[in-house]
Amino acid sequence: MDLIDYPLLNVDNEPEEDRITGDSILKEFDKLKQSCVIKHWNVFYALHFEFLARGYKGDGLKMTQPICRICNMTPEFALEHLFSYKHKEKLKSHSVSLRSFELLLFL
Ligand SMILES: [Zn+2]
């Protein structure tokens, strides 16, 4: 099974520009949640997005699974995990780029 990295689930290759940390990260999560793209998403909507249900789909040849390198786990639903309290609390202690929040909107 191939493990797939996503922005904010892996901070190893964060862009250097526009770095934020701590409570600023929580504020960006709030903005992201309120954005028109994600505001209606929940775990049921999530089933329709390949990104979120990836671990349980495959093309017959290869299975893929999102991985969170910050929590060191492979979440069942990546987006649900991304917005979970535990994940956000851990991410707060890292430094991330605002660009990663923007990137998520285009997945
Ligand atoms: Zn996590």
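**Worked exercises on a predicted model**

D18 is partly exposed, with 13 other C-beta atoms within 10 Å. On this scale a residue is buried if 20 or more other C-beta atoms lie within 10 Å of its own, exposed if 12 or fewer, and partly exposed in between, with C-beta atoms placed from the backbone. The model is predicted: local features need pLDDT of at least 70, side-chain atom pairs count only at pLDDT 80 or more, and totals for chains, interfaces and linings use all residues. Residues are numbered from 1 along each chain as its sequence is written.

**Exercise 1. Warm-up**

How many helices and strands are there in the protein, and in what order do the elements run?

*Solution.* Step one is the count: 6 helices and 4 strands. Both are DSSP runs numbered from the N terminus, helices being H or I with at least four residues and strands E with at least two. Step two is the order from the N terminus, which reads β-β-α-α-α-β-α-α-β-α. Step three is burial: 18% of the 107 residues count as buried. Step four looks at contacts (C-beta atoms, placed from the backbone, within 7 Å). Of those with a separation of 6 or more, 73% join residues 24 or more positions apart.

**Exercise 2. Confidence**

Find the mean pLDDT of the protein, and say where pLDDT stays under 50.

*Solution.* pLDDT is the predictor's confidence in each residue, from 0 to 100. Its mean here is 79, and 72% of the residues reach 70 or more. The stretch under 50 covers residues 52-57, for which the model has 15 contacts beyond four places in sequence.

**Exercise 3. Two positive phi angles**

Is L8 buried or exposed, and what about D18?

*Solution.* Start with the background: most residues other than glycine have a negative phi. L8 goes against this with a positive phi of about 70°, although it is not a glycine. D18 has a positive value too, near 55°. Next, place them: L8 sits in the loop between β1 (2-4) and β2 (19-21), and D18 lies in the loop between β1 and β2 as well. Last, compare the surroundings. L8 has 25 other C-beta atoms within 10 Å and is buried, whereas D18, with 13, is partly exposed.

**Exercise 4. The core**

Which residues of the largest nonpolar core touch the most other members?

*Solution.* A nonpolar core is a set of buried Ala, Val, Leu, Ile, Met, Phe, Trp, Tyr and Cys residues joined through C-beta atoms within 7 Å. The largest one has 13 residues, and L8, L9, A78, L82 and L91 touch the most other members. Helix α4 (residues 78-82) gives the largest share, 3 residues.

Now follow the partners. Leaving out residues up to four places away in sequence, L9 touches P66, I67, C68, R69, I70, A78 and L82. A78 is found in helix α4 and counts as buried, with 25 C-beta neighbours inside 10 Å. A78 and P66 are 12 residues apart in sequence, yet 6.4 Å apart in space, C-alpha to C-alpha.

I70 lies in the loop between β3 (64-66) and α4, and its 20 C-beta neighbours inside 10 Å make it buried. With the same exclusion of residues up to four places away, I70 touches L9, V11, H87, K90, L91 and H94. Its C-alpha is separated by 7.0 Å from that of L91, 21 residues apart along the chain.

**Exercise 5. Helix α1 and long-range pairs**

How many residues of α1 are buried, and which residues does F101 touch?

*Solution.* Helix α1 (residues 23-34) has 12 residues and reaches 17 Å from its first C-alpha to its last, close to the expected 16 Å. That expectation is 1.5 Å times one less than the number of residues. The number buried in α1 is 1, so the helix lies largely in the open.

F101 belongs to helix α6 (residues 98-104) and is partly exposed, with 19 C-beta neighbours inside 10 Å. Beyond four places in sequence, F101 touches E28 and L32. The C-alpha atoms of F101 and K31, 70 residues apart along the chain, are separated by 9.4 Å.

Finish with R19, in strand β2 and partly exposed with 14 C-beta neighbours inside 10 Å. Beyond four places in sequence, R19 touches S95, V96 and S97. R19 and S100 are 81 residues apart in sequence and 9.8 Å apart in space, C-alpha to C-alpha.

How values were computed
Two residues are in contact if their C-beta atoms, placed from the backbone, lie within 7 Å.
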